[in-house]
Amino acid sequence: FLSDPDPTARPEGPVHTTSSAGPAARFDAPVKRAAEPDAAGDVLFSGAFAPGAPLGITMTGTGTLYVADLFSGQTVAYDASLAVVDSFAHPTGTATTSGVAYDTQNGTLWWLNADTNDLVEGTLAGTATGATIPLAGSPDGLIGGVEYDPHTDRFFYVDIVSDDIYAVDR
């Protein structure tokens with residue numbers, strides 16, 4: 001572990017990385033507290049999300065992090081150090097995508113389409129499988145924040161306008 005002899009010292013500027021598999025991403029250098037390496041709550045990595053409006057985030061069991069953009073129809077895959085490993089269009093297109101969840105049973109991703117109130121399944125490369133799950137929500141609501149539970153085979157999501165939490169079977 002590295003520790004900074006001056007706990008108030010900050011990096012001189014952001015570190016930029018680019019992946020040939022996807023958009024450029026900006027990552028700020030790690031920030032440490034005092035001389036305590038990797039303390040709970042330390043910001044280890046951070047970065048700008050190239051498409052612009054990250055909202056859904058999920059991680060596979062192998063450590064690949066998927067971040068779905070709210071409006072552009074793009075999903076970006078990162079490794080554990082936040083290096084871009086892939087970027088692709090997700091199956092909801094440019095609909096308002098307010099969540100993404102990793103399905104451990106099928107090894108697929110499910111995007112939450114807030115315009116049509118349904119979950120849309122796709123491969124880890126964004127190809128639609130054809131499966132959808134209709135979702136409930138309040139008439140004036142906005143649903144988002146989807147999560148999959150392999151123990152119950154259910155998806156959980158929230159309506160941020162009505163303050164409701166929902167669970168649906170596959």
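**Exercise 1.** Is arginine 154 buried, partly exposed or exposed, going by its relative accessibility? Find its salt-bridge partner as well, and place both residues in the chain.

*Solution.* The model is a predicted one, and the working begins with the accessibility of the residue. Because buried means under 20% relative accessible area and exposed means over 50%, arginine 154, at 35% relative accessibility, counts as partly exposed. The next step is to look for its partner, and this is aspartate 169, which forms a salt bridge with arginine 154, the closest N and O atoms being 2.9 Å apart. The pair links distant parts of the chain, since aspartate 169 is in strand 14 and arginine 154 in strand 13, 15 residues apart. Aspartate 169 also counts as partly exposed, at 49% relative accessibility.

**Exercise 2.** Work out which residues are joined into one network by salt bridges that share partners.

*Solution.* The structure holds 3 salt bridges, and the remaining steps follow those made by arginine 170. In one of them, aspartate 103 meets arginine 170 with the closest N and O atoms 2.6 Å apart. Aspartate 103 lies in strand 8 and arginine 170 in the segment after strand 14, so this pair ties together parts that are 67 residues apart in sequence. In another, the side chains of aspartate 153 and arginine 170 meet at 2.7 Å, N to O. Here aspartate 153 lies in the loop between strand 12 and strand 13, so the pair ties together parts that are 17 residues apart in sequence. As for their surroundings, aspartate 103 is buried, with a relative accessible area of 0%, whereas aspartate 153 is partly exposed at 28% and arginine 170 is partly exposed at 38%. The salt bridges that share partners therefore join Asp103, Asp153 and Arg170 into one network.

**Exercise 3.** Glutamate 121 is buried yet has no salt bridge; find which side chains make polar contacts with its side chain.

*Solution.* Begin with the position of glutamate 121, which is found in strand 10, residues 118-122. The nearest side chain of opposite charge, arginine 170, is 4.8 Å away; because a salt bridge needs the nitrogen within 4 Å of a carboxyl oxygen, this pair does not count as one. Turning to polar contacts, the side chain of glutamate 121 makes one with the side chain of asparagine 106 at 3.5 Å, and another of 2.7 Å joins it to the side chain of threonine 129. Beyond four places in sequence, the residues that glutamate 121 touches include Pro91, Asp103, Trp110 and Trp111.

**Exercise 4.** Describe how strand 8 and strand 9 are arranged, and then find which strand gives the most residues to the largest nonpolar core.

*Solution.* Strand 8, residues 97-103, is mostly covered, with 7 of its 7 residues buried. The strand runs antiparallel to strand 9, residues 108-113, and 5 bridges join the two. Within this pairing, alanine 101 stands opposite tryptophan 110 in strand 9, while in the hairpin, which has 4 residues between the strands, glycine 107 takes a positive phi near 70°. For the second part, consider the largest nonpolar core of 14 residues, where Leu112, Leu119, Ile133, Leu135, Val146, Phe155 and Tyr157 touch the most other members. Strand 9, strand 12, strand 13 and strand 14 each supply at least two residues of this core, and strand 12 gives the most, with 3 residues. Apart from this core lies another, of 8 residues, among them Ala77, Phe88, Val100 and Trp111.

Conventions:
Residues numbered from 1 in each chain as written. Predicted model: local features only at pLDDT ≥ 70, side-chain atom pairs only at ≥ 80, totals over all residues. Heavy atoms only, no water. Buried < 20%, exposed > 50% of the residue type's maximum accessible area, 1.4 Å probe, protein only. Lys, Arg positive; Asp, Glu negative; His and termini not counted. Polar contact = N/O pair within 3.5 Å; in protein donor to acceptor, adjacent residues only side chain to side chain. Contact = heavy atoms within 4.5 Å. Pairing = 2+ DSSP bridges. Core = buried A, V, L, I, M, F, W, Y, C linked by side-chain atoms within 4.5 Å.
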